[in-house]
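Work through the exercises below with the sequence and the model side by side. Try each task before reading its solution.

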Amino acid sequence: MRYGDSHADGADGEALSDGADGEALSGRADGEALADRRDGGTAAGGTGDASADRRLLAALRDCGDRPAVAAAARSLSYAGEHAALWLAAGLTGAAADPARRSAWLRATAAVAGAHLTSMAVKRVVRRPRPPDGGGRAALVRTVGRHSFPSSHAASAAAAAVAFGALLPRGGGRRLLPAAVAAAMCVSRVVVGVHYPTDVLAGALLGGLTARVPTVTRPRTAGRRNGRPV
């Protein structure tokens, strides 16, 4: 075999090897890109921008590295399980305010309705929770596997709307349910069990659900001689 042939064969072999390596590298890159797209699609569940959702989740989950923040987030998450905090608050309001007991009970029913509605939507959407807790292990355990929408956020937003309307004006007392509700919503991302879009959807659902009893309840006031009675 002539040197030129051997050299050519070697060059062809190297080119072939390079081509194979390139194809393998390209295949790996394509596979990784596809996996990233699949992960993003799973994370977003078809709602919102997956990458932005995950970035915000990771940023808020980083806040949970601080012991005080982690403890507060855990406490809020546990208090909001099955809307327990809000149902207790509504029943307490009904007991403490006999003159408006029926209004407090309607508000409490709205909170329960928001929670149940969110659970029903979860069964339809079936979006998985963040698989890695936002970059590390989640700070709390969850009862269910589905993430969208956040039931904590739904019941919290419903309570903020329904209870806030019943509290006296002045002194910032009407803002108290909203402040606690907002903190609870954020806590679900901090502990790593919800995407931000889960929380946003849950809050919107809860706020709308809380308006239903106000809109549909029968009017009790009549009019006599053109004046309200």
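**Exercise 1: Helix α7 and what follows**

Just past α7 sits G192, and its phi is positive, near 85 degrees. This is a predicted model.

Task: Locate helix α7, give its span and list its buried residues.

Solution.
- Step 1. Helix α7 covers residues 175-190, which is 16 residues.
- Step 2. From first C-alpha to last, α7 reaches 22 Å. That is close to the 22 Å expected at 1.5 Å a residue.
- Step 3. Take under 20% relative accessible area as the cut-off for buried. In α7, P177, A181, M184, C185, S187, R188, V189 and V190 are buried.

**Exercise 2: The packing of α3 and α7**

Task: Describe how α3 and α7 pack, by angle and by distance between axes.

Solution.
- Step 1. Two packed helices are described by the angle between their axes and the distance between the axes.
- Step 2. Helix α3 is residues 67-79. The angle between α3 and α7 is about 110 degrees, and their axes are 8 Å apart.
- Step 3. Angles of 65 to 115 degrees count as roughly perpendicular. Therefore α3 and α7 are roughly perpendicular to each other.
- Step 4. The crossing of α3 and α7 is left-handed.
- Step 5. Now list the residues that meet. From α3 come V69, A73, L76, S77 and A79. From α7 come A183, M184, S187, R188 and V190.
- Step 6. Check these against Exercise 1. M184, S187, R188 and V190 are among the buried residues of α7.

**Exercise 3: Backbone features in the loops**

Task: Find where P149, H82 and R126 lie, and state the backbone feature at each.

Solution.
- Step 1. P149 lies in the loop between α5 (101-125) and α6 (151-164). The peptide bond from F148 to P149 is cis, with omega near -5 degrees.
- Step 2. R126 belongs to the loop between α5 and α6. R126 is not a glycine, yet its phi is positive, about 60 degrees.
- Step 3. Is R126 buried or exposed? R126 is partly exposed, with a relative accessible area of 47%.
- Step 4. H82 lies in the loop between α3 and α4 (84-96). H82 is not a glycine either, and its phi is positive at about 55 degrees.

**Exercise 4: The whole chain**

Task: Summarise the secondary structure, burial and contacts of the protein.

Solution.
- Step 1. Count the elements: eight helices and two strands. Their order is α-α-α-α-α-α-α-α-β-β.
- Step 2. The protein has 229 residues, and 34% of them count as buried.
- Step 3. About 13300 Å² is exposed, with 61% supplied by carbon and sulfur atoms.
- Step 4. Take the contacts with a separation of 6 or more: residues 24 or more positions apart account for 76% of them.

Definitions and conventions:
Residues numbered from 1 in each chain as written. Predicted model: local features only at pLDDT ≥ 70, side-chain atom pairs only at ≥ 80, totals over all residues. Heavy atoms only, no water. Helix = DSSP H or I, 4+ residues; strand = E, 2+ residues; numbered from the N terminus. Buried < 20%, exposed > 50% of the residue type's maximum accessible area, 1.4 Å probe, protein only. Contact = heavy atoms within 4.5 Å. Areas by Shrake-Rupley, 256 points an atom, 1.4 Å probe, with all protein chains shown as cover. Expected span 1.5 Å × (residues − 1). Axes fitted to C-alpha atoms, helices over the stretch in contact; angles between N-to-C directions. Parallel < 35°, antiparallel > 145°, perpendicular 65-115°, else oblique. Left-handed = near helix turned anticlockwise from the far one by under 90°.
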